[in-house]
Amino acid sequence: MQNEAIINQSKTGINWNTSIFMALFHVGAIAALFMLSWKAVVVSLFLWWVSGSLGIGVGFHRLLTHRGYKTPKLIEYFLTVCGTLALEGGAINWVATHRIHHQHTDEEGDPHTPRDGGWWAHMGWILMGTGQQYDDKTLARFAPDLVKDPVHVWLNKFYWLPLTLLGIALFAIGGWSFLMVGIFLRVTIGLHATWLVNSATHMWGTRRFETKDDSRNSWWVALLSFGEGWHNNHHAHPVAARHGLTWYEVDINWWSIRTLQLLGLATGVKEISPEAIRAAKEAASSNANSNAAENVRARAA
Ligand SMILES: [Zn+2]
Ligand SMILES: [Zn+2]
């Protein structure tokens, strides 16, 4: 696996376009640290929630990739536009990558598994290799529902446009501070938050469900990604729209979906059944018991 990834990387080399943009955004993010103002920070926190939570978590991930709930087309497109503001590529390419990840989690074919190295899983796969670039055939195979929708196809092609317009608007309203903090710093932090779901939550954290992959639940990744860090829960039940299963598993993305549901704007909302949660709990405690019994036996011997 490790070797194959390296071969793959050297075969396709560095994605110069992506790498130059990523370098620009990181330099811009550092520059933005010297231009902070309270207004710029508040606006950026709001934009982080709009792009990372409404866009990526509620939109790209739980709605478009997994169809964990249904919502009117207008809201679907609105959430998709929010997602483009995170600069994670067009929704169709994002969905294809993520569906491939679920089909081959932590095995050959996974675009970003830490089994190929933590750095690779975090951002190496974006900078090198195939990244999120697929031919039309692959997109049609992994996102057939989206390639049939002309609005999604258009938004996927021009995914950079809403962010560009937002940048111009921020500059017009609040000058360099708004532009640098609201676009460069906010996008860079948002990217790392998403990437941590691919890297950290396949390495560090706890496991409620015995899945075949390495997925984990991580409270700090969940806080940074508005709830996406409950990643073991998610891999065990990918279609469920709710990832945080208890009051202390904070899942802000779920709160938005629940709000849409209460307003009648989200229907067919999928959740993990209480029986499945109970069964996982019982399996974990019987595992713990048998481990304890083994320890006692080991001590006695
Ligand atoms: Zn995963
Ligand atoms: Zn997923």
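Select helix H9 and find Pro-150 and Lys-157, which are exposed on one side of this helix. Exposed here means that 12 or fewer other C-beta atoms lie within 10 Å of the residue's own, buried means 20 or more, and partly exposed lies in between, with C-beta atoms placed from the backbone. Helices are DSSP runs of H or I with at least four residues, numbered from the N terminus. This is a predicted model, in which local features need pLDDT of at least 70 and side-chain atom pairs count only at pLDDT 80 or more, while totals for chains, interfaces and linings use all residues. Residues are numbered from 1 along each chain as its sequence is written, and chains are lettered from A and ligands numbered from 1 in the order in which they are written.

Next, select the other side of H9, which spans residues 150–157: His-152, Leu-155 and Asn-156 are buried. They lie on the same side of H9 because they cover an arc of only 100° around the axis, the arc being that of the directions from the helix axis to the C-beta atoms. The cover over the buried residues of H9 includes H4, H5 and helix H8 (144–147). Contact means that the C-beta atoms of two residues, placed from the backbone, lie within 7 Å.

Now display H3 and H10 together. Two packed helices are described by the angle between their axes and the distance between the axes. For H3 and H10 the angle is about 40° and the axes are 9 Å apart; axes are lines fitted to C-alpha atoms, for helices over the stretch in contact, and angles run from 0 to 180 degrees between N-to-C directions. Among the residues of H3 that meet H10 are Leu-47, Trp-48 and Ile-56, and those on the H10 side include Phe-178, Leu-185 and Ile-189. The residues of this contact divide into 11 nonpolar, eight polar and two charged. In this count, Ala, Val, Leu, Ile, Met, Phe, Trp, Tyr, Cys and Pro are nonpolar, Asp, Glu, Lys and Arg are charged, and the others, Gly among them, are polar.

Within helix H10, select Ser-177. Ser-177 is buried because 20 other C-beta atoms lie within 10 Å. Apart from neighbours within four places in sequence, Ser-177 is in contact with Met-35, Ser-37 and Ala-40. Phe-34 is 143 residues away from Ser-177 in sequence, yet 8.9 Å away in space, C-alpha to C-alpha.

Turn then to the largest nonpolar core, which has 44 residues; Ala-91, Val-95, Met-180, Phe-184 and Ile-257 have the most contacts inside it. Such a core is a set of buried Ala, Val, Leu, Ile, Met, Phe, Trp, Tyr and Cys residues joined through C-beta atoms within 7 Å. The elements that give two or more residues to this core are H2 (16–32), H3 (38–65), H4 (73–84), H5 (91–103), H10 (160–198) and H13 (252–262). H10 gives the most, with 10 residues. A second, separate core of eight residues includes Leu-196, Val-197, Ala-200 and Val-221.

Select Ala-200, in the loop between H10 and helix H11 (219–224). Beyond residues up to four places away in sequence, Ala-200 touches Ser-218 and Val-221.

Finally, visit two backbone features. Arg-67, in the loop between H3 and H4, has a positive phi of about 50° although it is not a glycine. Phe-226, in the loop between H11 and helix H12 (231–236), also has a positive phi, near 60°. Phe-226 is buried, with 24 other C-beta atoms within 10 Å, whereas Arg-67 counts as partly exposed, with 13 C-beta neighbours inside 10 Å.
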